[in-house]
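Good morning, colleagues. I should like to present the surroundings of a ligand and then turn to one helix.

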Amino acid sequence: MTVLVTERLELREFTADDAEFVLRLVNEPAFLRYIGDRGVRTLDDARRYIEDGPVAGYARDGHGLMRVVRRSDGAGVGMCGVLKRDTLPDPDIGFSFLPEHWSQGYALESARAVMRHARETLRLGRIVAITTKDNEPSMRLLGKLGFRPEGIVNLGGEDLRLFASMP
Ligand SMILES: CC(C)(COP(=O)(O)OP(=O)(O)OC[C@H]1O[C@@H](n2cnc3c(N)ncnc32)[C@H](O)[C@@H]1OP(=O)(O)O)[C@@H](O)C(=O)NCCC(=O)NCCS
């Protein structure tokens, strides 16, 4: 299901058919470094990740990470969406793109659409974001989206920077 359409991109809900794309995305060096190792090594693992993560979120919360597709050629470029984690009191925005699609404004374009949708359609209030202390590209993006730093949170034993965007 397509949820959002922007000038160059389309954001649609993940399905099991996206396993190959997800397998690659979550094993990219930058994903492993800045987000973490989700233990996804096979297509079956990827299908499980999609089912237990994004797809479960759509049903439980009404939102979750979505696949970002380039409209001109249908290429999968990344994922972006608002998640609701047990470990944080507020929903948070997440994004990750394949390296060959960085620095073209795709992350900003999709994150802006996701934030607008979160406010206008999902009617979410405070939205947060977490990054590792050294994730400069992510922090630059959050700044452009109007997020403000709120200090440090410890999640699973790791100190992460917390950012927040108010309605
Ligand atoms: C975080 C991440 C999504 C940022 O991606 P990105 O491609 O740098 O972000 P954008 O799409 O906003 O692109 C920004 C750059 O594109 C440039 N750009 C080119 N064309 C553009 C356009 N049409 N519109 C806007 N910016 C454009 C901007 O000038 C900007 O350059 P800068 O980085 O030198 O400031 C990416 O680094 C990533 O996937 N990292 C791995 C996963 C990760 O860390 N996720 C976040 C966890 S908290």
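Of the 22 residues around the ligand, those that come nearest are Phe95, Phe97, Ser103, Ala107 and Asn135; a residue is near a molecule if one of its heavy atoms lies within 4 Å of it. This is a predicted model, in which local features need pLDDT of at least 70 and side-chain atom pairs count only at pLDDT 80 or more, while totals for chains, interfaces and linings use all residues. Residues are numbered from 1 along each chain as its sequence is written, and side-chain values use heavy atoms, with hydrogens and water left out.

Let me take the polar atoms next. An oxygen atom of the ligand lies 3.1 Å from an N or O atom in the side chain of Arg140. Backbone N or O atoms also approach the ligand: one of Gly105 is 3.3 Å from a ligand oxygen, and one of Gln104 is 3.5 Å from a ligand nitrogen. On its own the ligand has 960 Å² of accessible area (Shrake-Rupley method, 1.4 Å probe), and the protein covers 72% of that area.

By class, the shell comprises twelve nonpolar, seven polar and three charged residues. Its largest share, five residues, comes from helix 5; helices here are DSSP runs of H or I with at least four residues, numbered from the N terminus.

I turn finally to helix 3. Helix 3 covers residues 43-61 and bends by about 35 degrees at Val55, the angle between axes fitted to the seven residues ending there and the seven starting there. Its buried residues (under 20% relative accessible area, 1.4 Å probe, protein chains only) include Tyr49, Ile50, Pro54 and Tyr58.

Definitions and conventions
A polar contact is a pair of N or O atoms within 3.5 Å; within protein, one must be able to donate a hydrogen and the other to accept it, and residues adjacent in sequence count only if both atoms are side-chain atoms. Helices (H or I, at least four residues) and strands (E, at least two) are DSSP runs, numbered from the N terminus. Ala, Val, Leu, Ile, Met, Phe, Trp, Tyr, Cys and Pro count as nonpolar, Asp, Glu, Lys and Arg as charged, and the others, Gly among them, as polar. The expected span of a helix is 1.5 Å times one less than its number of residues. Buried means under 20% relative accessible area, exposed over 50%, partly exposed in between (1.4 Å probe, protein chains only).
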